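Colleague: Before I plan around the charged residues and helix contacts here, could we go through them together?

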Amino acid sequence: MFNGKSIKLDKNNPDTDGDGLLDGEEVELEYRYYVDTTKVMVMGGFKSNPLNPDSDGDGEGDATDPTPLRFQLNEELCKRICELNYISREYIKSSSDLNTNNSHIRKECYAEWYTFMFIRQFNSNYIGENWDNAAGAIDYNFVEYVKNNNYDLYNYFDTHADYIAEKTGKKGDLYHFAATMTAFYYWSNYDNGTGVIETVEYQFMPDVILDDLAGWAGDLQTAMVDAVFAVGKNADYNTYKEAMIDLIACEDRNKVYEKYPELEKNKDKNSDIHFKLNDYYADIDAANLIKYMITNNCLEEALVEYFAKNYKIRITEFKNGFTTKWTFSKCVGLYTSEKFMVFRWPLYVDDNKKEVPISKELSEAARDAFVEYIWEKADE
């Protein structure tokens, strides 16, 4: 009897469910002998279910799940992030020469910025001038510090590019999530160290706008460029809106390319559709998690609370930050317009950095597509 239920294990297979844990590792046994001592009843409880490789059904196998009987997405990942956060605090305490380029990190969030900066740097797409200015430059001394002091942790993040976003197993882009988080923790700085603003238009942008561009707004703008390639810069409202709906949180790149052959033809061979489903999850989850951090100021608690239950209402949480559909539409419209004040949005370029025109009609179609997508997903 285990947890009040009878189970039958495979006597010829020490790992009945094939999860990498021996059956004996998944149970705690208690032996109760009869009076004549010739018979014994074996009772006990589960550490994890030896008949189910994922006992709690959270998408993480029992062999790596820290609490295999408690449902929480990404338990091992959350544990590793917290471990990295602890190392960040130790590094900050011991370092007398933190990266001077990162003087704009919000002081109360230094350890959190270092935590997500370390994860972000495993993807070269989040390294370079634009990301350095919007989210802080990579501190390679810290990267080496982690590698030298905890190679297992270094290797974990080097080999885990995704996280579980849904119980169904759908994934979010971990490196994109981390990059967006570093932008939230950073007071953006476009001073190159000599007092010169190298990218002129950015000096007029509030920090909150640069934060959005590091996440959902930036991906929305690059999806708009893809949509121009898909249906042309002179497409009417309905045609362009349909293309945007197909491109937002795209799950099947081949299906999109089949419908829009011109898009595939115009993509650089090393490029990809910009607003894929895993990017969408990363954007929404980063925006939500930062709000949880503001509420309880504890990274571990925020991660556990979010991935244990609140991920189920991620879209509702995200849209509620804008109060009404009208205010959200106004906010989205700011990013889908061709210009911010008198400056063109710098992300409206192709893979060769050539400007891509965005008309007022295309801007409105993209705005409406994204707003309707978010509201429909929230209603689901």
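Modeller: A salt bridge here is a side-chain nitrogen of Lys or Arg within 4 Å of a carboxyl oxygen of Asp or Glu, and please keep in mind that this is a predicted model.

Colleague: How many salt bridges does a search of the whole structure find?

Modeller: Side chains of opposite charge can pair when their charged atoms come close. With the cut-off just given, a search of the whole structure arrives at a total of 18 salt bridges.

Colleague: Which helices hold D152 and R80, the two partners of a salt bridge?

Modeller: The closest N and O atoms of D152 and R80 are 2.7 Å apart, and the two form a salt bridge. This pair links distant parts of the chain, its members being 72 residues apart, with D152 in helix α5 and R80 in helix α1.

Colleague: Is R80 buried or exposed?

Modeller: Its partner D152 has a relative accessible area of 47% and is partly exposed. Buried means under 20% relative accessible area, and because R80 has 13% relative accessibility, R80 counts as buried.

Colleague: Where do K93 and E90 lie?

Modeller: K93 and E90 form a salt bridge in which the closest N and O atoms are 4.0 Å apart. K93 is exposed at a relative accessible area of 66%, whereas E90, at 29% relative accessibility, is partly exposed. The two residues are 3 residues apart, about one turn of the helix, and both lie in helix α1.

Colleague: Which parts of the chain does the salt bridge of E355 with R344 tie together?

Modeller: In this salt bridge the closest N and O atoms of E355 and R344 are 3.8 Å apart. The partners are 11 residues apart in sequence, so the pair ties together the loop between β6 and α16, where E355 lies, and strand β6, where R344 lies.

Colleague: Is R344 buried or exposed?

Modeller: E355 counts as exposed at 54% relative accessibility. R344 has a relative accessible area of 17%, which is under the 20% limit, and therefore R344 is buried.

Colleague: Which residues do salt bridges that share partners join into one network?

Modeller: Where salt bridges share partners, they can be followed from residue to residue as one network. That network consists of R253, D272, K276 and D279.

Colleague: How many nonpolar residues does the contact of α2 with α6 have?

Modeller: The axes of helices α2 and α6 come within 8 Å and cross at roughly 145 degrees, in a left-handed crossing. Among the residues that meet are W113 and F116 in α2 and L174 and Y175 in α6. By class, the contact has 1 charged residue, 1 polar residue and, as the number you asked for, 10 nonpolar residues.

Methods:
Residues are numbered from 1 along each chain as its sequence is written. This is a predicted model: local features need pLDDT of at least 70, side-chain atom pairs count only at pLDDT 80 or more; totals for chains, interfaces and linings use all residues. Side-chain values use heavy atoms; hydrogens and water are left out. Helices (H or I, at least four residues) and strands (E, at least two) are DSSP runs, numbered from the N terminus. Buried means under 20% relative accessible area, exposed over 50%, partly exposed in between (1.4 Å probe, protein chains only). Axes are lines fitted to C-alpha atoms, for helices over the stretch in contact, and angles run from 0 to 180 degrees between N-to-C directions. A crossing is left-handed if the near helix is turned anticlockwise from the far one by less than a right angle, and right-handed if clockwise. Contact means heavy atoms within 4.5 Å. Ala, Val, Leu, Ile, Met, Phe, Trp, Tyr, Cys and Pro count as nonpolar, Asp, Glu, Lys and Arg as charged, and the others, Gly among them, as polar.
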